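Visitor: Hi, I'm new to this one. Can you walk me through it?
Guide: Sure, let's put it on screen and start.

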Amino acid sequence: MRKRMLTIALLCSLITATAQSEEVAIRETIQKYLDGSSHNDLELIVSAFYPKADLFLSKKDQELWVLSPEEYANLFKNREKGKFNGRFGKILNVDYANNIASAKAEISIPSKNLLFIDIFLLKKLEGEWKIISKAAASIDQ
């Protein structure tokens, strides 16, 4: 009986540890995007995405603005790489099952009185989590 309880406890710990490491890996991928877009790092932004991902963004006077990861990263190309640009990103939640995940983040740009909510779809590809789609909405303040 004692061996069985010990085995069950060990299995539960392994499952919990695996779940925690997957969530950490997902958060790291989202954080690459957040850090890259806050510090004008084009390579870091692109590294978070699957190359054929679609980004569905908000743009004034345009209902839907669709960009590739490279097109999005290029929005930051004329800014000094590594310099903080006033964008604050915060991961709000992460949910995953096996090799798919969703995440939600808040992006604020206080100097422009802007707030965005980003929703991400991720997939684990070749052992690495990648953003396969992103949608953003501007939130009125």
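Visitor: What percentage of the residues in the chain is buried?
Guide: Buried residues account for 33% of the chain's 141 residues. Keep in mind that this is a predicted model.

Visitor: Okay, and how many helices and strands are there?
Guide: The chain has three helices and six strands. Going along the sequence, they come in the pattern α-α-β-β-α-β-β-β-β.

Visitor: Back to the buried part. Which residues of the largest nonpolar core touch the most other members?
Guide: That core has 29 residues, and the ones touching the most other members are Ile30, Tyr33, Phe49, Tyr72, Phe120, Leu122 and Ile131. Strand S4 (residues 100–109) gives the core its largest share, five residues. In soluble globular proteins, nonpolar side chains tend to be buried together.

Visitor: What does Ile131 touch, beyond residues up to four places away in sequence?
Guide: Its partners include Thr29, Ile30, Tyr33, Phe49, Phe120 and Leu122.

Visitor: New topic: Lys134. Where is it, and is it buried or exposed?
Guide: Lys134 sits in strand S6 (residues 128–138). Its relative accessible area is 1%, so Lys134 counts as buried, the cut-off being under 20%.

Visitor: Which side chain does Lys134 make a polar contact with?
Guide: The side chain of Asp118, at 2.9 Å. Leaving out neighbours within four places in sequence, Lys134 is also in contact with residues including Tyr33, Phe49, Asp54 and Phe120.

Visitor: And the outside, how much area does the chain expose?
Guide: About 9100 Å², with carbon and sulfur atoms supplying 55% of it.

Terms used: Residues numbered from 1 in each chain as written. Predicted model: local features only at pLDDT ≥ 70, side-chain atom pairs only at ≥ 80, totals over all residues. Heavy atoms only, no water. Helix = DSSP H or I, 4+ residues; strand = E, 2+ residues; numbered from the N terminus. Buried < 20%, exposed > 50% of the residue type's maximum accessible area, 1.4 Å probe, protein only. Areas by Shrake-Rupley, 256 points an atom, 1.4 Å probe, with all protein chains shown as cover. Core = buried A, V, L, I, M, F, W, Y, C linked by side-chain atoms within 4.5 Å. Contact = heavy atoms within 4.5 Å. Polar contact = N/O pair within 3.5 Å; in protein donor to acceptor, adjacent residues only side chain to side chain.
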